[in-house]
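Biologist: Please take a close look at chain B, and tell me how its parts are arranged and where the other chain touches it.

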Amino acid sequence: MNAAPEAAGEPSRIEFPIASEADVLRARRSVRELAQDLGFGTTDLTIIATAVSEITRNIVNYATHGHITIEPAHDRGRHGVTVRARDEGPGIDDLDLAMQDGYSTGRSLGLGLPGARRLMDEFDIVSTVDGGTTVTMTKWQR
Amino acid sequence: MEVPILRFGSYLVASVQGELSDDDLQRLSENLTTKVRATRSRGVVIDLTVLDVVDSFATRILRSLTQMIRLLGAEAVVVGIQPGVALAMVQLGLTLDKTPTALDFEDGMRYLDELLEDQPRERRA
Amino acid sequence: MTETASRDASKSAARDLWDLYDRWYGDITAETDANLRAVPEIAALMDQHQPTDEERAASRDLVRRALVDDEWGPHLGSLRQQGAMYATIGVSFGVWVQAIAAFRAVMAPRVVRELHDEPERLIGVLGAIDRFIDTALGEIGLAYLDTKEAIIAEQQLAIGELSTPVLPLAEGFLVLPLIGLIDTRRARDVAEQLLNAIRDWRARVVIIDVTGVPAVDTAVANHLLQTAQACRLMGATPILSGISPTNAQTLVQLGVEMADLLIVGDLRRAIEQASLVLGRELIPATAT
């Protein structure tokens with residue numbers, strides 16, 4: 001399979017470990033910069049940065065350490081940004097329960113995962129007990 | 001990170017400069033408590049203009065802060081939430097509960113003026 | 001410590017502060033400038049308003065007179081001018097506070113290094129820095145506020161070419177007439193335009209009129225609700241108008257939570273509500 005050639009000057013992927021609050025800030029700043037280089041508008045930049053804040057905080061609060069990758073995304077002519085956050089934490093026991101939308105019942109201040117899903121266009125989560133959790137989420141340019 | 005608290009008449013303005021950690025909140029709470037008491041402040045404006053992200057963690061912190069201010073007998077108003085931040089917050093389902101909001105620092109002060117002009121000062125022991 | 005002794009100690013600490021500041025002037029200024037440049041809004045500000053060498057020397061002299069001679073008048077005057085300038089050129093409140101506080105971030109560590117084995121002097125100078133910064137924040141703040149109020153009073157509502165459907169009808173008051181089908185993407189675009197308009201026009205009331213929207217189902221209702229909540233976060237009261245009785249029934253049956261939203265039947269009633277919120281007349285009185 002031929003990979004599509006990278007557009008000249010397109011930002012490349014960023015990755016770094018997530019272990020502390022400082023890394024949450026770094027993740028927010030990094031994704032904002034990359035998304036801005038890709039041409040996302042002001043509002044979307046904030047929305048993407050907020051989603052990244054939610055999932056990286058999750059790692060810091062519940063899994064203590066993990067890893068984040070931020071890179072451009074392409075699919076049939078549309079462009080966007082994909083963020084993957086992986087941790088080696090205890091894993092989520094009941095994924096369905098964790099992903100339940102507490103929004104309407106006002107319990108939305110718990111895990112940031114359902115919230116992050118609402119902010120992004122695509123959202124995938126894989127988790128096993130003792131195997132850690134990987135969240136992959138993408139936002140496409142409008 | 002130190003949050004500067006300025007005094008304008010009987011109001012205080014806390015200008016949040018960036019991300020607030022739990023330690024920062026602790027310090028801000030203590031500083032605000034001291035200053036509200038010392039200046040017998042009737043209202044506190046919390047200015048979020050510089051914040052580019054308000055997530056569930058920050059919202060929880062803001063709620064504690066405004067609750068504390070009300071327990072001290074003062075009014076609290078949150079100002080400076082930017083359009084993108086407001087959109088992200090509502091999409092996340094975050095609210096500031098009963099805390100009033102205003103557009104910016106000036107509107108926040110005007111709000112406090114309007115709110116408090118009919119209320120006589122309580123006698124403090 | 002008696003009050004006199006305490007005042008003397010403050011003055012002595014202020015002179016101490018001046019000595020150190022004077023000695024390190026070059027480095028302090030360079031480091032403060034570098035730190036401030038890291039903030040985009042401040043960098044732009046600094047590019048536009050580069051102080052001349054004479055200006056820098058003059059303001060340095062005012063600081064010396066304040067700290068060494070205890071002559072604060074001229075320095076305070078200069079601070080007030082600064083505050084008025086920030087308001088005039090449109091620097092946001094949080095940003096100038098950050099700029100002033102940068103001085104402390106740069107001075108304090110150097111002072112600690114220099115005086116670490118003289119704790120009394122160290123405490124004195126750190127206290128002097130705090131008093132110096134607090135004075136600056138206070139004077140600049142008051143001048144900023146006064147000037148901002150004057151500017152806003154002068155500003156005309158210029159209704160120029162609006163690329164959005166948001167209509168500023170009167171001061172503090174916007175109407176957003178929605179027409180046609182609303183999908184997620186359109187809802188988000190409109191919400192963004194509306195919130196930007198709230199900021200640009202300083203709106204305190206927003207009327208979202210859906211008379212022209214044929215189908216208000218749960219999805220649309222949720223978008224409307226979110227938009228209304230976002231308006232509130234920015235200090236604007238949202239009023240929803242134009243929900244037909246049929247649509248209202250649908251919403252109730254779908255159990256959509258509209259409890260917090262002011263909902264009225266038509267635009268005229270919405271404007272009446274808006275004038276109540278704003279505390280003044282927005283429509284001419286009609287003959288009964």
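Modeller: The answer goes through chain B from its sheet to its helices, and then turns to the contact with chain A.

This is a predicted model, in which local features need pLDDT of at least 70 and side-chain atom pairs count only at pLDDT 80 or more, while totals for chains, interfaces and linings use all residues. Residues are numbered from 1 along each chain as its sequence is written, and chains are lettered from A and ligands numbered from 1 in the order in which they are written.

Chain B has 4 helices and 5 strands; helices (H or I, at least four residues) and strands (E, at least two) are DSSP runs, numbered from the N terminus. Read from the N terminus, the elements of chain B follow the order β-β-α-β-α-β-α-β-α. Of its 125 residues, 54% count as buried. A residue is buried if 20 or more other C-beta atoms lie within 10 Å of its own, exposed if 12 or fewer, and partly exposed in between, with C-beta atoms placed from the backbone.

The 5 strands of chain B form an open sheet with mixed pairing, in the order β1-β2-β3-β4-β5; two strands pair if DSSP finds at least two bridges between them. β1 (5–8) and β5 of chain B are at the edges with a single partner strand each, so one side of each has no neighbour in the sheet. β1(B) runs antiparallel to β2(B) (residues 11–15), and 4 bridges join the two. Within this pair, I5(B) is opposite A14(B) of β2(B). Helix α4 (residues 105–116) of chain B packs on the sheet and touches β1, β2, β3 (43–47), β4 (75–79) and β5 of chain B. Its direction makes about 155 degrees with that of β4(B). Here two residues are in contact if their C-beta atoms, placed from the backbone, lie within 7 Å. Axes are lines fitted to C-alpha atoms, for helices over the stretch in contact, and angles run from 0 to 180 degrees between N-to-C directions.

Two other helices of chain B, α1 (residues 22–39) and α2 (residues 56–71), pack at an angle of about 20 degrees with axes 10 Å apart. α1(B) and α2(B) are therefore roughly parallel: angles under 35 degrees count as roughly parallel, over 145 as roughly antiparallel, 65 to 115 as roughly perpendicular and the rest as oblique. In this contact, α1(B) uses residues including L25(B), L28(B) and L32(B), and α2(B) uses residues including I61(B), L65(B) and M68(B). The residues of this contact are 8 nonpolar, 3 polar and no charged. Ala, Val, Leu, Ile, Met, Phe, Trp, Tyr, Cys and Pro count as nonpolar, Asp, Glu, Lys and Arg as charged, and the others, Gly among them, as polar.

K98(B) lies in the loop between α3 (83–92) and β5 (101–102) of chain B. K98(B) counts as exposed because it has 10 C-beta neighbours inside 10 Å.

The contact between the chains takes 20 residues from chain A and 17 residues from chain B. On the side of chain A that touches chain B, α2(A) gives the most, with 10 residues. The axes of α2(A) and α3(B) come within 8 Å and cross at roughly 45 degrees, and the two helices are therefore oblique to each other. Among the residues that meet are T42(A), L45(A) and I47(A) in α2(A), and P83(B), V85(B) and L87(B) in α3(B). By class, this helix contact has 7 nonpolar, 6 polar and no charged residues.
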